[in-house]
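Subject: A structure for you to look at

Hi there,

Here is the structure I promised to pass on to you. Have a look at it first, and then read my notes below.

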Amino acid sequence: MSASTKRPRLKLHLLGNDSQRKCKEMIERPVKVLQIGEGNFLRGFADWMLHESARQGKFHGSVAVTQPRPGGKAKLEQIRDQDGLYTMITRGLSEGKRVERTEMVSVFSQFFNPYEEWQTFLELAELPSLEFVISNTTESGLKYIQSDYIPGEPVQSFPGKLSVFLHQRYVRFAGDPSRGLIHLPCELLEGNGDVLRECVLRHSEDFGFSDSFRSWIEHHNLFLNNLVDRIVTGAPTQEEAEALTERWGYEDQLINTAEPYHFWAIQGEESLDKRLPLKQAGLNVHWVKDLKPYQLRKVRILNGSHTLMSSLGLLRGKQHVRETMEDPQFSSWIRQAVLEEIVPAMDMPELGLEQYAEEVFERFLNPYIDHKLQDIALNTAGKFKVRVLPTLLAYEQSQGSWPERLIQGFAGFLYLYRPLQTQEGYKAQLLSGETIPLRDDPDVLAALAAHWEGYGHSTSGTDELEQRVAAVLSNEVIWGENLDAKQGLRAALVHEISKLEGEGK
């Protein structure tokens, strides 16, 4: 994002005296957090939370930030050039009201490029004040990649860097149990804390570190599993950035935008909030004994309703989530699907599923976010299997009947995923007759195309439709089981697909 208007770049000295004083107080505090990740999400999520806690006088520390990949150098330099400052815009709906808040975030006190400042990066490990490591390196960044360590040269992978960093700390403090760190990986990976610990231990073996060091890692460092949820949309449009530059009188290369909703569940003792006082600051942060119920809630309700609406929405010409939810008929349908079919199938009243669902519906209506249904439809086959199918089967098991709206969503998926092979790849035909690209596992698309090859609903009868649906449902490669063995499922789907065929041109 770059504004064309000629204004000075955001710097500490450009702020008014009071704002300058407050920002300086924050960034002059001792480093308590090492942050691996310079991108929009952490700046709009964890850093914003730390800033809010510090603003309330609860968190008394600062953040040292570094990038996990060489490609993050430009963004890190922007953070350094702006004295660690950036503007955070929070906007959307909250309790039915439109909100927009702007605040200056100032939590970064040190900036390191580990590929160019390796020794400086390692020296940070020797700070007595350091307590936490927060990361977001994407799922591809949180994995073990076998590598060698040559002293004095940076390790490429995030877990590899962390292994050397922790070894530096272990040596500096002679294995002091109290000098272990609390690790909060925010990568969207189930069991992310467990994965990170195992990667660090494997690298420790590769690098020839001692058994006593690995014991210190296992017993005196906490690698906590995390579930994070907030839509951080990043930089505004060029036009809006220019207008903001004119209004503020300075140019901010790091403007970040996010929805009001935020949720962070950390699998750890609640007493840790004394050290990282985010819940104390009134933020939607929860220290929990088990993350799995919260992960299930998100997958079944938030992700599940996204997947449900995407196929039917696309078939009927919708393009965005908000547009779909603003349609009274669609809105009523998705609300009933969630509240009358998904929630009862989960049977977890202690998690406040209805309230969570209402928060999800409000997020879907955010006027500042254009979430494309085609983006949600990416890899729908795999998503449907994880997000919707377990709920559908659980409902039938508990209620003795197939849930009407989930069946309609399933039928919408099967109708949309009758792939047409073209020179540009597989495409789907909408009810209007238009086509859109299908982006999914090539093997799954090929299998579905084979099941539907030669089928034309205008020339084929119900018997042939039943045969095609039976073939798709019995494909265990796609579903992991033979769904055609589920009594009544095929008939229910054929009925709903026939109705869609009646709508199509």
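Does valine 232 count as buried or exposed? At 19% relative accessibility, valine 232 counts as buried, because buried means under 20% relative accessible area, exposed means over 50%, and partly exposed is in between (1.4 Å probe, protein chains only). Valine 232 lies in strand S10 (residues 232–234). Its C-alpha atom is separated by 7.8 Å from that of phenylalanine 45, although the two are 187 residues apart along the chain.

Two notes on how to read all this. This is a predicted model, in which local features need pLDDT of at least 70 and side-chain atom pairs count only at pLDDT 80 or more, while totals for chains, interfaces and linings use all residues. Residues are numbered from 1 along each chain as its sequence is written, and side-chain values use heavy atoms, with hydrogens and water left out.

The sheet

Helices (H or I, at least four residues) and strands (E, at least two) are DSSP runs, numbered from the N terminus. Two strands pair if DSSP finds at least two bridges between them. In general, strands of a sheet pair through backbone hydrogen bonds, either parallel or antiparallel.

Here, six strands form an open sheet in the order S5-S2-S1-S6-S7-S8, and the pairing is parallel. Strand S5 (108–112) and strand S8 (222–223) stand at the edges with a single partner strand each, so one side of each has no neighbour in the sheet.

Strand S1 (residues 31–36) is a good place to start, as six of its six residues are buried. S1 pairs with strand S2 (residues 62–66) in the parallel sense over five bridges, and isoleucine 36 has threonine 66 in S2 as its bridge partner. S1 also pairs with strand S6 (residues 132–135), in the parallel sense over four bridges; there, glutamine 35 has isoleucine 134 as its bridge partner. S2 in turn pairs with S5 in the parallel sense over four bridges, where alanine 64 is matched with glutamine 110.

For an antiparallel example, go to strand S9 (226–229). S9 pairs with strand S12 (residues 263–267) in the antiparallel sense over four bridges, and the bridge partner of asparagine 226 in S12 is isoleucine 266. In a regular strand the side chains alternate between the two faces of the sheet. In S9, Asn226 and Val228 point one way and Leu227 and Asp229 the other way, and all are buried.

Two loop residues

Which residue in the loop between S6 and helix H6 (158–172) is worth a click? Threonine 138 lies there, and its phi is near 65°, a positive value in a residue other than glycine. At 35% relative accessibility, threonine 138 counts as partly exposed. Alanine 174, in the loop between H6 and strand S7 (182–185), also has a positive phi, near 50°. Alanine 174 is exposed, with a relative accessible area of 71%.

The pocket and the cavities

Rolling a probe the size of a water molecule over the atoms shows where empty space is left. On a 1 Å grid over the protein atoms alone, a cavity is a set of points where a 1.4 Å probe fits but cannot get out, and a pocket is an open set with protein on both sides within 12 Å along at least five of seven lines; lining residues have an atom within 4 Å of a point. Grid points are joined across faces, edges and corners, and a volume is the space filled by probe spheres set on the points.

The largest pocket has a volume of about 1,300 Å³. Of the 39 residues that line it, the closest to its centre are Leu188, Lys298, Leu302, Asn303 and Arg387. Helix H10 (292–315) is one of the elements that supply at least two lining residues, and its nine residues are the largest share. Domain 1 (12–289) and domain 2 (292–504) both give residues to the lining, so the largest pocket lies between them; these bounds come from an automatic or database domain assignment.

By this rule there are also three cavities of 30 Å³ or more. The largest cavity holds about 50 Å³ of space, and its lining includes Leu314, Gln374 and Arg439.

Enjoy exploring!
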